[in-house]
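Here are a few exercises to work through with the structure open in your viewer. Try each task before you read its solution.

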Amino acid sequence: MIACSRMYNLNPALSSHWRSLFEHTAAVAGVPLDVIDYAAPAPLDLLWARTDLACVFMCGWPFQRTTRAFQIVAAPIPEYHATLHPLTGPQYCTNLVVSDAAPFNRLQDTFGGRIAWTDRGSHSGFNAPRKLLLDHLNGQERLYSESIGPVVTPRASLNSILEGRAEVAPLDSYFHSLLARHEPDTARRIRVIAQTPASPIPLLVAAPEIAPEIVAKLGEAFAQAADSPQLAPYLKDLCLSGFAIPSRKDYAVTDQWHAEAMAAGYHEPC
């Protein structure tokens, strides 16, 4: 059985922290896990198709939409350092970011420019920003001169701003907090100009083929992580206060947002 933190592997140091956290939690649960690297641009869909997933991050929108009966292990509870408005519990949002040197004060100031997006299956990089922008359409067909995507990853979305290929881009708020802590010089080069409504954060899932009792043991071990002195340094570096076990119905909001956009004929952030 495998574990993988691909979605939030900001850099090699963070990947190492995730590995230590997963290995310790697996030991507490008495469940042997092989923590694997699965670097971009390898498709996440191929990772999620595996039958040996026991502890792998999955975006909430694909989790909501899939026909496979993925099992919930746990969801992280971030400690945020880079949001306009506070978030609590196992939630996140999308930060719409611009270059710190850009002359934009409001999201509306970026209209007419170029917007990046990550992947059509991504909630934070596609679905959530589309939800936010939908409120600004007011009968218009599009808000931007160019829609740049798929750029695939949060890092590539960030780079689209830093390299001047887009005026505004979406950034997963938890990824942004990790960036602010571990790459502060990079984080200072961007600025949050708008924030989407909160939604349930990507979660750790197990494949349908994994025995439910194994999933329950892992979930309990993650829920107890905040009480472990051994894990405290890793949780701090991962900007986490702990983990919770969310409800499957929490993720229905992701598909609701998609339905609203489709009903309005707004197929992509543009």
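**Exercise 1. The parallel pair**

Task: keeping in mind that this is a predicted model, find which residue stands opposite A3 in β2, then place that pair of strands in its sheet.

Solution. Step one: the residue opposite A3 is V35 in β2. Step two: look at the pairing around it. Strand β1 (residues 2–4) and β2 run parallel and are joined by two bridges. Step three: zoom out to the sheet. It is open, has six strands in the order β2-β1-β3-β12-β4-β13, and its pairing is mixed. The edges are taken by β2 (34–35) and β13 (240–244), each of which pairs on one side only.

**Exercise 2. The three-stranded sheet**

Task: work out which strands stand at the edges of the sheet β9-β6-β10, and say what packs on that sheet.

Solution. Start with the order: β9-β6-β10 is an open sheet with antiparallel pairing. β9 (169–172) and β10 (190–195) each have a single partner strand, so they stand at the edges and one side of each is left without a neighbour in the sheet. From one strand to the next, the twist averages 45°.

Now count bridges. Strand β6 (residues 94–99) and β10 pair over five bridges, while β6 and β9 pair over four. For landmarks, S99 has I190 as its bridge partner in β10, and N95 stands opposite L171 in β9.

Next, add the helices. Helix α4 (residues 123–134) lies across β6, β9 and β10 and runs at about 90° to β6. Helix α6 (residues 173–182) also packs on the sheet, touching β6, β9 and β10, with its direction at about 80° to that of β9.

Last, check the faces of β9. In a regular strand the side chains alternate between the two faces of the sheet. Here both faces of β9 are covered: A169 and L171 are buried on one side, P170 and D172 on the other.

**Exercise 3. Two residues, two settings**

Task: decide whether T94 is buried or exposed, then do the matching job for V152.

Solution. T94 first. It sits in strand β6, and its relative accessibility is 0%, so it counts as buried. Its side chain reaches the backbone oxygen of S124 at 2.7 Å. Leaving aside neighbours within four places in sequence, the contacts of T94 include A128, P129, P170, L171 and A194.

Now V152. This one is in the loop between β8 (146–148) and α5 (154–162). With 41% relative accessibility, V152 counts as partly exposed, because the band for that label lies between 20% and 50%. For a distance check, pick the C-alpha atoms of V152 and R120: they are 8.9 Å apart, with the two positions 32 residues apart along the chain.

**Exercise 4. A helix with two sides**

Task: test the length of helix α1 (residues 12–29) against 1.5 Å a residue, then find where its buried residues fall.

Solution. Length first: the 18 residues should span 26 Å, and the end C-alpha atoms are 26 Å apart, so the two agree.

Next, list what is buried in α1: L14, S15, H17, W18, L21, F22, T25, A26 and A29. These cover an arc of only 160° around the axis, which puts them on the same side of α1. P12 and A27, on the other side, are exposed. The background is simple: an α-helix has 3.6 residues a turn, so residues three or four places apart point the same way.

Finish with the ends. N11 caps the N-terminal end of α1, with a side-chain oxygen 3.2 Å from the backbone nitrogen of A13. After α1 comes G30, with a positive phi near 70°.

**Exercise 5. Once more, with α10**

Task: repeat the analysis for helix α10 (residues 252–263) and find what covers its buried residues.

Solution. α10 has twelve residues and reaches 17 Å from first C-alpha to last, close to the 16 Å expected. Its buried residues are T254, W257, H258 and A261. Down the axis of α10 they fall within an arc of 100°, so they line one face of the helix. Their cover includes α3 (60–65), α4 and β11 (199–200). Just after α10, G265 takes a positive phi of about 75°.

How values were computed
Residues are numbered from 1 along each chain as its sequence is written. Side-chain values use heavy atoms; hydrogens and water are left out. Two strands pair if DSSP finds at least two bridges between them. Axes are lines fitted to C-alpha atoms, for helices over the stretch in contact, and angles run from 0 to 180 degrees between N-to-C directions. Contact means heavy atoms within 4.5 Å. Buried means under 20% relative accessible area, exposed over 50%, partly exposed in between (1.4 Å probe, protein chains only). A polar contact is a pair of N or O atoms within 3.5 Å; within protein, one must be able to donate a hydrogen and the other to accept it, and residues adjacent in sequence count only if both atoms are side-chain atoms. The expected span of a helix is 1.5 Å times one less than its number of residues. The arc is that of the directions from the helix axis to the C-beta atoms.
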